[in-house]
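Thanks for sharing this one. Here are some notes to read alongside the coordinates, set out as short points.

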Amino acid sequence: MKTFKKVVAAAMSLALIGSCFAGCGAKNAKSGAAGEYTANNTEYFIGSTGPLTGDAASYGISVNNGAMLAVEEINAAGGLNGVKFKFEMKDDKATAQDATTGYNSLYEAGMQISLGSVTTDSCDSFATSAVEDNLFYITPSASAAKVIDGRDNGFRVCFGDPDQGTLAADYIVETYKNAGVIYNTSDSYSMGVYEAFKAEMGVKGATFTEATFDAENNKDFSTQIATLKDCDVIFLPMYYTEGSLICKAATAKGCKADLIGTDGFDGIADLIDSKTVSNKVKYITPFDAESKNETVSKFVESYKAKYGKTPDQFAADGYDAIYAIYNAMKAAGVNDVTIAPSDLCETVKASITASDFSLTGATGTMTWDATGACHKELQFKDVL
Amino acid sequence: MNYFKNIKNAFKFKNCINYIIVGAMLIISLVMSSMGELPRSSADLLAQMGYSILLAVSLNLVVGFLGELSLGHAGFMCVGAYIGCYFANSLYEVIDSKLLVLIISMLIGGSVAAVFGLIIGLPALRLKGDYLAIVTLAFGEIVRTIFKNQPAFGAALGLSTKRFGSDLYIVALIVVLISLFLIQNIIRSKHGRAITAIRDNEIAAKAMGINITYYKLFVFVFAAFFAGVAGVIFGSKVTPVTYSFFSFNYSIEILVMVVLGGMGNITGSIISAVFITYLNFQLQDKLPGELAALKYLVYAIILILVVIYNNAPKLAALREKLSISNAISSKKKSKNPAAQHDDKNRWDVVPTKIPMDEIVSTDLKQEKAYTPDKPEKGGTE
Amino acid sequence: MLSTLFDGLSLGAIYALIALGYTMVYGIAKMLNFAHGDIIMVGAYTILTTLTMNGHPIIGVVAAVLVCTVAGIVIEKVAYKPLRGASPLAVLITAIGVSYFLQSVAQLIFGSKSQAVQLASFGTVKIANAEINIGTLITLVVGAVIMIALTLFVKYTRTGRAMQAVSEDRGAAQLMGVNVNKIIMITFAIGSALAAAAGVFYLLQIPAVSPTLGSMPGIKAFAAAVIGGIGSIPGAMLGGVVLGVVEKFALSVPALAPYATAIEFALLILILLVRPIGILGKKRREKV
Amino acid sequence: MSDYVLETKNLGISFGGLKAVQDVNLKIKKGQIYGLIGPNGAGKTTVFNLLTGVYKPTTGTFFLNGEELTGKGQEKINHKGIARTFQNIRLFNNMSVIRNVLVGLHNQPEFKCNPFVSMLKLPKHYDTEVRMRNKAKEILKIFDLYEERNNLACNLPYGKQRKLEIARALATNPKLLLLDEPAAGMNPNETAELMDTVRYIRDNFDVTVLLIEHDIKFVSGLCDEITVLNFGTVLCQGDVEKALNDPEVVKAYIGG
């Protein structure tokens, strides 16, 4: 009877293993070896991974919405020489592990070009695979330096962490006397901006006070505010969830400092208002939903119509990334729907870095250089 | 000559079912790969299954066989992944062979994790049950916190590692086979008996002269080693290695594998590790948005129902009625030990006091009859 | 310094309130209710729901206490009662299951995103050079009152004494006519109500709620209960305050701040190794 | 070499001021079956716990074959040659009968086998396992448990569980065997059988037996000498008949 049980167990497990292969095998039974996956494409396939669930889900969802909107607009206008685009984002929960899995699934499904991933760790992982396959990626929002460093096929739409840190340091040194910074030691984005901020403050010969937190374990910011209570400005390189708590803690502690956030800060307006926070709050962003600019207002209008809410910067980044790809492909005159990822990569790379290529999108006018970094204007936007 | 007889014994079907399962996975995938029909995602999934099996089986050693709950298994994996891959990064500069680097780094990662196992095993000598569980949980968190603040390991950015490539699954599954060989041999030896004796009744085991200290440390170190190896495999597949992956949630996911497969049942652990990894893969896109929480809801329900079903004193009769083995072997009932419940002479449950203090006197006694792997019968038994 | 101390005390009061629930359930039902922290989250979401329905914060607090009490009783009945008499390992695993259950249900209903909850806002007072938030002071005072009330309840009421009896020796208590099931149910009810109270104070300090809100404070509060000596009400208070103050002081030193959580857990391990029964725990002898 | 297998000198322990056992002086000769009796709560099991290292004595010392074992750990004391059974049976319930005995054999020098040898399944591993099993079967046959060897221990009838516990203790090859109420819960037939078994193992295993028992018939039929404990102190010691008729002992038992 023991033996019988084991036979049952063996049969079960073999069935399970079998199903695993069946599941994956069926999809590309026709296609055979890698590289030929794109052969059946009838649309240009843009892939991406991002957090659609979990703590960071709002970023992934925004990028997805923005990108979908752009693809719909392009397709409605007839696509590229009559060929439409398809965009798909796989959920990666902002983890490296799931980004790889998502990449593989997309690649097997015929992805030709991509938006990389939404968050830094995932995008690093996505990019590692993309380099192996020489697949072009332009990430809307993964801002850490290492995401595109040393990777020819990597580009981005957002600002890099160092740019923001430097800019903030310059601005703070000019405007304020006594600066402070709070950053999140458990987050690569926060750390990246902080490092650049610190370096620039050093260059300027300015001093500042600092405090840290660990968003995983710590949501009470009274101690950090107490450390910085004499500052007249506190720089907050972080996402808005923690940012909103710090703003509230500052008010509760009677701290009068101005609070300056980074481009992860939009969305904070939902969480704070003048009743709960008496400090002045502003953040750095290339995107202003209230802008009178024609491109921006058109984007904001159609986004509102489609999703019923005001787009945030991530949505705008996603939107622009799709247009960057579209315009670059258009400029290069791509005209083969079954073009292999590697060939497409070389073509797009050449056209996007061309000196005459620029894109005026929802986040301003952008140009790219060979490192993959994006050049555009930043602005400070007031929340409160 | 006994040796050859016993070797023959070891090849009996029921003694090598676990090798058959893993071996079949390996062979099928190799055949498919040689025909060019193995998609990259499947190869990736297989490697993932490989380290999941390692984790589940090694945690089963601690939970199922030693009877102590460890909630920090992901912590050992974290140590292995960070340390092993850190060394691998430097080794790649010296050694050309990717395989050799992987093997060396697995040994390094495993060994360092084993050292941590020794450190966490020390409290295990004084603590039991819930207290030990909390200490292991604390350990997992401490390890993560330390790694995420070390610039040498990339701090919050994570440690960038070099991927082994799509052949990783072959190495992973072979490592699983080797590990299963080592683990099962220990379980089926006198040492395994001593370990299960500690689980069943620590006081009696002590009185029988079993060196509790030695065996508890042994199990923690042994299990930590394999978790560390699993970490290196993970790090050779995923880059960057970030602290956030090795959270408490992941420890729980491993625990779900063990509980679902049956505590003290290695075959069960293998099957449920494969099943849950596959489920995770399939559910990645099937549950959009907040629906992803459904997965954890299912895990939670599995944990609750399986444990209640297997342990509730009131369900003992039901368990016996529904037991697969009973239903199948009704003919052999006379040989079934469970049938002896009817024995008139059986002393009814002695009303025992509930232990006063869980620290010093809890027996982590299982209500349900265990089905540990039977040792091979030594020839003439 | 003083400001850090007050912050620590106020955080410690929250830990202590959660730890009280842990310690009562552990002392009486002999189980580690891992889902205790998630009861806080249930309470916090109840308050959020009341506030979004334009209810008065006080109604929210009352509703939170009621919902948590009921949740505690239901959890006990459904998940833990069938396992009475089973191994602690099985009960602990079930409790982890319940914890996950609550978190994922909350996520399905409310989403994983953190949401702002503004219960009330207070000004600050100046005490010897330090700006102290009035909310902090309220937390400290009310926390202390609840703890004293609980101590009196356990010492001087009939139910409280029955609890002590069940904690000492469940079998003997049953023989003496104590309805053990009822006492354990009451314990869960009280423990959960305390968790709701802790949830209210948590929201006063950290005005945001998410499905995983309770897990880390829950684990830390258990650590507090263990440090103080599990089963002991003054121990839970002491442990909570010690842990809160340690956390805040660690955070105020830049070099230690990133390791604050690790330091707390290391303290737990250290105390368990040096004195496994906790600071105020009573020693008990092994039965053979 | 001392004359006595076990010798205790003023052995005592107090729990927080309460003297649970004090001034126990036992002298047990090789090959004796020695009884330890007394009313409930007299401290008999506590003496066993002292002798097996569960408690550390607060006063006094004890020697096994002249070697002092006071304060040693449980495992160590077992290695030195004292094995015991428990008043409330403590078998490895989820292990088969034979495996219970195999655990008892675990530490015998002739069955030494390094974990790494077992891990790699070297010939020595098989050799050890086979020899251990043969030895275990021998022991099981003596206790008439051979037929049940593959049943789970918890499924044995009560009498057999008692026997199995003795078998398991014997497997550790003790010089002194401590039996804590071995006949409790047995019917007269089983008790008689158990008396034969105890004598058999004394004669064939070169072991001295110290036992706690309430059944006076069992004690007087089996023991060579006894010690009567009351309230943790020795009431009377020596020849069985004489001790049982001692007025103090009668008073302690009947109450007064």
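1. Let me begin with how the chains meet. This is a predicted model, and 5 pairs of chains in it touch, with the most contacts falling between chains B and C. Chains A and D, by contrast, do not touch; 13 Å lies between their nearest C-alpha atoms.

2. The contact between chains B and C deserves a closer look. Chain B puts 53 residues into it and chain C puts in 49 residues. On the chain B side, the elements giving two or more residues are helices H5 (98-126), H6 (129-148), H11 (248-261), H13 (293-311) and H16 (358-361) of chain B. Sorted by class, that side of chain B holds 35 nonpolar, 8 polar and 10 charged residues.

3. What does the secondary structure of chain B come to? You will find 16 helices and 0 strands there. Of the 381 residues in chain B, 58% are buried. If you count the contacts in chain B with a separation of 6 or more, 81% of them join residues 24 or more positions apart.

4. Chain C offers a neat hairpin to inspect. Strand S2 (residues 124-127) of chain C pairs with strand S3 (residues 130-133) of chain C in the antiparallel sense, over 4 bridges. Within this pairing, Thr124(C) is opposite Asn133(C) in S3(C). There are 2 residues between S2(C) and S3(C), and Ala128(C) in the turn has a positive phi of about 40 degrees.

5. In chain A, I would look at the open sheet of 6 strands, which run in the order S7-S6-S8-S9-S10-S14 with mixed pairing. Strand S7 (208-213) and S14 of chain A are at the edges; each has a single partner strand, so one side of each has no neighbour in the sheet. On average, neighbouring strands of this sheet are turned by 25 degrees against each other, direction ignored.

6. Two helices of chain A go with that sheet. Helix H6 (residues 188-204) of chain A packs on the sheet and touches strand S6 (179-184), S7 and strand S8 (233-236) of chain A. The direction of H6 in chain A makes about 155 degrees with that of S6(A). Helix H8 (residues 240-252) of chain A lies across S6, S8, strand S9 (258-261) and S10 of chain A, and runs at about 175 degrees to S9(A).

7. Back to the edge strand S14(A), whose partner is strand S10 (residues 281-285) of chain A: they pair in the antiparallel sense over 4 bridges. Here Ile284(A) stands opposite Phe380(A) in S14(A). Asp382(A) is also in S14 (residues 379-382) of chain A. Is Asp382(A) buried or exposed? Asp382(A) has 8 other C-beta atoms within 10 Å, and therefore counts as exposed, since the cut-off for an exposed residue is 12 or fewer. Asp382(A) and Glu242(A) lie 140 residues apart in sequence and 18 Å apart in space, C-alpha to C-alpha.

8. Last comes chain D, whose domain assignment gives domain 1 (1-81 + 173-256) and domain 2 (92-171). The centres of these domains of chain D, taken over C-alpha atoms, are separated by 27 Å. Between them, 12 residues of domain 1 of chain D are in contact with 9 residues of domain 2 of chain D. On the domain 1 side, strand S8 (176-180) and helix H7 (188-205) of chain D are the elements giving two or more residues, and H7(D) has the largest share, 4 residues. By class, this domain 1 side divides into 7 nonpolar, 4 polar and 1 charged.

Note on methods:
Residues are numbered from 1 along each chain as its sequence is written. Chains are lettered from A and ligands numbered from 1 in the order in which they are written. This is a predicted model: local features need pLDDT of at least 70, side-chain atom pairs count only at pLDDT 80 or more; totals for chains, interfaces and linings use all residues. A residue is buried if 20 or more other C-beta atoms lie within 10 Å of its own, exposed if 12 or fewer, and partly exposed in between; C-beta atoms are placed from the backbone. Two residues are in contact if their C-beta atoms, placed from the backbone, lie within 7 Å. Ala, Val, Leu, Ile, Met, Phe, Trp, Tyr, Cys and Pro count as nonpolar, Asp, Glu, Lys and Arg as charged, and the others, Gly among them, as polar. Two strands pair if DSSP finds at least two bridges between them. Axes are lines fitted to C-alpha atoms, for helices over the stretch in contact, and angles run from 0 to 180 degrees between N-to-C directions. Domain bounds come from an automatic or database domain assignment.
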